[in-house]
2 protein chains.
Amino acid sequence: MPTIYEVARQAGVSIATVSRVSTNGALVAEETRGRVLQAIADLGYQPSRLGRSLAKGTHGASGIVFPDLTGPYYSEVILGYEDQAATAGQSVLILGTHGREHADDLVRELAGRVDGLVIMGRTVSDEVVTALADGGLPIVLLARPPAGGADTARTENLLAAATLTSHLIGHGHRRLAFIGDPDSSPDAGERWAGFRAALLRAGMAAAPWTLRSSFREHEGYAAASELLDGATRPTALVCANDEIALGTYGACQERGLRIPDDVAVTGWDDIAIARYISPTLTTVRQPLRELGALASRLMQERVHGGRVEPRHEMLPTELMIRLSCGCESSSAEAPDKDTKRPDHPAPLGASEKVAPRSRAQGFEV
Amino acid sequence: MPTIYEVARQAGVSIATVSRVSTNGALVAEETRGRVLQAIADLGYQPSRLGRSLAKGTHGASGIVFPDLTGPYYSEVILGYEDQAATAGQSVLILGTHGREHADDLVRELAGRVDGLVIMGRTVSDEVVTALADGGLPIVLLARPPAGGADTARTENLLAAATLTSHLIGHGHRRLAFIGDPDSSPDAGERWAGFRAALLRAGMAAAPWTLRSSFREHEGYAAASELLDGATRPTALVCANDEIALGTYGACQERGLRIPDDVAVTGWDDIAIARYISPTLTTVRQPLRELGALASRLMQERVHGGRVEPRHEMLPTELMIRLSCGCESSSAEAPDKDTKRPDHPAPLGASEKVAPRSRAQGFEV
DNA sequence: CAGGGTGCTGTAAGCGCTTACAGTAGCCGC
DNA sequence: GCGGCTACTGTAAGCGCTTACAGCACCCTG
C-alpha cells in the first residue's frame, strides 16, 4: 500500500497538497491537481483510514450490539441499519453478545472503534451504557427504556396489544391467556400491559390464565401445554411473539385441539412462517428495517448534526389479521411479489395500523 | 477520553511504561506496574484503537461482505462468523452491497479498515478481489469459485443434489424438472449439475422440463406455473432453494394439485418454514453457522498464522427427507428443543449426510 | 576495584494522515 | 517601484500509540 509520501514524491509536491487533493478540500491549482490525481492513479493510492481517523479524531463508523442474530428480528434491524449507514458513508461494526459474561468488556472495546453505538435490548448493563454516554459517545437504544441520556427507538406495543386483545374479545372469547415474560424485556412488558388493559376494560381478569415463557418456541410449547391441560382451559392464547405461538400450535396439535375453533392463537413479529403455517397466524408486524434505519438516522444526527438532547422515537405497528384468531378470511396467501423485501410483503387480508402515543381508545395502563 | 500521556503524568512515569503495562508486555517493576494500573483505573483510561492500530499496522478487525441480509442464509453465516471472530478477539465490520453499482468502491473502502475480508457470493467483481488479494489482504470467498489466490469455503452441492434427485427417481418419478438458474451462482450451478448427473445416470433427459428462476419465491411461482400448465406436466420439481419451492407450493395450490401425490417438490437450505409448511418440505441443510465459523478460522490462519498458500474447504450438507418428496413419515414435527439454535434443530425424520469430495456413488459430471 | 551483566525506565522515532500557519510568486493600483 | 492583495504550496505540529535503543542503577564476577 503506497502512502501519501510516495504520491507526493511521484507528483513532485508536498504531502499537504496530496491531502488537499484527496480530500477534495481546499484550493489547488488545476494543473497541480491533475498531476497529483495522475500519481494517485498510477500508484493505486488509497488513503489510510487509520491515519485519517487519527488525525481527524473520528472513525467514520458506528457499531451495533445485539444479543444474538437468530431469527428475523435482529437481522432485519441490522440490515435496515447497515443499509442506511452505508448510504451515509458510514461503516458498521457488529457485536453479538451471545450471553457472554464479559459482554460489557467487548462493548467497551467496540466503543473505542466507533463514533457511536446502537444497543439492542438488554445486552449491555445500564452502568456501561451510562458510562459511555457520559463519555460523550452517541448511543441509540433499541427496544429498551431510556438510560443515560441516550436516544431510544422502539415500536408501539401497548396499543397494538390492547387492540389485538379486544379483537379476540370481539370474537367472543372470555378466557384469555397471555404467554410471555413481561419482565424479560420492555417490549414484552408493554404487550402484557396492553393485554391487561383490554381485559380490564372489558371487565375481565387475566392473571389466572397467564403463564411465563421466554421468547423461545419450546417454552411456549410448555406453557401452552400446561394451560391447555388445566381445569379451566383458556379459549384464546395471546403470545408475546410468534415463536411462542408456534409452540402453542404444537401443543394444540398434540391434544387434537383445532385452531381457531377450539382455541384462538395470536403472535407478535410477523415472522415469515406466520404466513405459511396452517392456520395462518394472526400477529403484529413491527417495521424492523425502518427501526434500524431510524436508529441510523438518530445516530447521524448526533454524530454529524451535533444534536445533544436525547430523542425518543416510536414506530407504529400493524395488526396482521389472519385465521388463527378466528377470522374467516378465505383469501389464499399469494406468493410474495415484493422482490426487495420478501419478509415484508404487502399486508395480506385485513390489517390495521396502530399509531404510537395515541390513547384514543381510552385504555388505561 | 484520557490519553496515555495523562496516565503517565498521573502515575509519574513515561508513556512507554504505561504502554508496557497496558499491553501486558515487557517487564515492569511490580511497584511501578501497580502505580500505573491505579492511574489507569482512576482515569478510566482505555487505549485508543486508532493510535494502537496505526503504530502496530494492524486493525484487529475483519470485514464480511454480503449482497443482502435477507433470509436466514446470510444472517446465519454472519452470525457464525461474528461469534468465532469475537471469540478470537477480532471485531467484525459488515457491508451489504444491496446491488449498489459502486459496490466495488465500498468494498475497497472497507478493505482499508480491516486485516482481512470475507466475501459472499458474487457481490464483488473478480477484478477487485484479485487486486485486493494481490495487495496482500487476506481474503476468504464464500459460495464462490476460487479467485486471486484467496481461500474459499463452500458447502457440498453436487453430490447432495444427485442423491436428492435419485431419491425422487426412486419414488418412481420420470419427469423431473429443475427450477433455478445454474448461472446465477456456483451453488445453483452445482445443484443443477448434480441433478443432471443423476438423471443421466438413470437414462433420462432433464432439459425439457427445466426452467430458470432466481432464488426468489415469486419467480419460483412463475416458473412452476408455466411448468404445471405445460403439455407434459413434470411430476417432480427440484428447486434450487426453499424459497423457490415455496413458490411452487403456491402454484400447486392454485391448480388444485396435491403435494406430493400429484407433484413432488424439494428445496434447498432448510429454512425454518420448511418444517412448518404443509406438507413439510424435503430439502438439503447447509451448515451455515459452521460455514461462517470456518471462514473466520481461515481468516485467522492468514492474519495471525501467517499462512499464505490458499485453502479450499468444503462442508458436508445433509438431506432432510420430509413429506413433500413422497415419503410417508407420519412423525409429527416436534417443537424445537434446542434453545441455542432454533434454526438448526436436530434432524427430524430421516436424514442423510452427504460428505464432500466423495464420488463413491459414481456420478460423473 | 574495573568490567560487564541484569533489570528497569525513559527518549524519541515513527505509523499516515490533516491542517494551522508560513511562505512565495504574480499581479494590481497608486 | 512598492505595498498589499490573491492564489497557491510547503513546513511542521500534532493525533495516540508502540518499540528500538539508550541510559542508569545495582549487583556480580574475576
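Here is a walk through a predicted model with two protein chains, A and B, and two DNA strands, C and D.

Let's begin with how the two protein chains relate to each other. If you rotate chain B by 180°, with 0.0 Å of shift along the rotation axis, chain B superposes on chain A with an RMSD of 0.1 Å. The two copies are therefore related as by a two-fold rotation axis. Want to find that axis on your screen? Look for B:Leu93: in chain B, its C-alpha is the nearest to the axis, at 2.1 Å.

Now for the place where the chains meet. Here 50 residues of chain B are in contact with 50 residues of chain A. Which element gives the largest share of chain B's side? That would be α5(B), with seven residues. Other elements that give two or more residues to this side include α4 (49-56), β2 (91-96) and α6 (103-111) of chain B, and further along the chain α10 (217-228), α11 (242-254) and α12 (273-276). Sorted by class, the side of chain B that touches chain A has 22 nonpolar, 18 polar and 10 charged residues. And 100% of the interface residues of chain B are also interface residues in chain A, so the copies meet through the same surface.

One detail of this meeting is worth zooming in on. Strand β2 (residues 91-96) of chain A is joined to β2(B) by three bridges, and the two strands run antiparallel. To see one pairing, pick A:Ile94, whose bridge partner in β2(B) is B:Val92.

Next, the DNA. There are 28 residues around DNA strand C, and those that come nearest are A:Ile4, A:Ser19, A:Gly51, B:Ala16 and B:Thr32. So both chains show up in that list. The elements that give two or more residues to this surface are α2 and α4 (49-56) of chain A, along with α2 (15-22) and α4 of chain B. By class, the surface near DNA strand C divides into 15 nonpolar, 10 polar and three charged residues.What about DNA strand D? Around it there are also 28 residues, and A:Ala16, A:Thr32, B:Ile4, B:Ser19 and B:Gly51 come nearest. Helices α2 and α4 of chain A and α2 and α4 of chain B each give two or more residues to this surface. The surface near DNA strand D divides into 15 nonpolar, 10 polar and three charged residues.

Let's look at how the first helices of chain A are arranged. Helix α1 (residues 4-11) of chain A packs against helix α2 (residues 15-22) of chain A at an angle of about 105°, with their axes 8 Å apart. That makes α1(A) roughly perpendicular to α2(A). On the α1(A) side, the contact is made by A:Ile4, A:Tyr5, A:Val7, A:Ala8 and A:Ala11, while α2(A) brings A:Ile15, A:Val18 and A:Ser19. Of these contact residues, seven are nonpolar, one is polar and none is charged.

Helix α2(A) also packs with helix α3 (residues 30-43) of chain A, at an angle of about 85° and with axes 10 Å apart. The helices α2(A) and α3(A) are therefore roughly perpendicular to each other. In this contact, A:Thr17, A:Val18, A:Val21 and A:Ser22 of α2(A) meet A:Thr32, A:Arg33, A:Val36, A:Leu37 and A:Ile40 of α3(A). The classes here are five nonpolar, three polar and one charged.

Further along chain A you'll find an open sheet of three strands in the order β6-β7-β8, with parallel pairing. Strands β6 (176-179) and β8 (264-266) of chain A stand at the edges with a single partner strand each, so one side of each has no neighbour in the sheet. From one strand to the next, the twist averages 15°. Strand β7 (residues 236-239) of chain A pairs with β8(A) over three bridges, and the bridge partner of A:Ala236 in β8(A) is A:Ala264. Helix α10 (residues 217-229) of chain A packs on this sheet, touching β6 and β7 of chain A, and its direction makes about 155° with that of β6(A).

Finally, a few backbone details to hunt for. A:Ser278 and A:Pro279 are joined by a cis peptide bond, with omega about -5°, and A:Pro279 lies in the loop between α12 (273-276) and β9 (283-285) of chain A. In chain B, a cis peptide bond joins B:Ile259 and B:Pro260, with omega about 5°; B:Pro260 lies in the loop between α11 and β8 (264-266) of chain B. Last stop: A:Asp270, in the loop between β8 and α12 of chain A, has a phi near 55°, a positive value in a residue other than glycine.

Definitions and conventions: Residues numbered from 1 in each chain as written. Chains lettered and ligands numbered in written order. Predicted model: local features only at pLDDT ≥ 70, side-chain atom pairs only at ≥ 80, totals over all residues. Axes fitted to C-alpha atoms, helices over the stretch in contact; angles between N-to-C directions. Helix = DSSP H or I, 4+ residues; strand = E, 2+ residues; numbered from the N terminus. Parallel < 35°, antiparallel > 145°, perpendicular 65-115°, else oblique. Contact = placed C-beta atoms within 7 Å. Nonpolar A, V, L, I, M, F, W, Y, C, P; charged D, E, K, R; others polar. Pairing = 2+ DSSP bridges. Least-squares fit on C-alpha atoms with pLDDT ≥ 70 in both. Near = placed C-beta within 6 Å.
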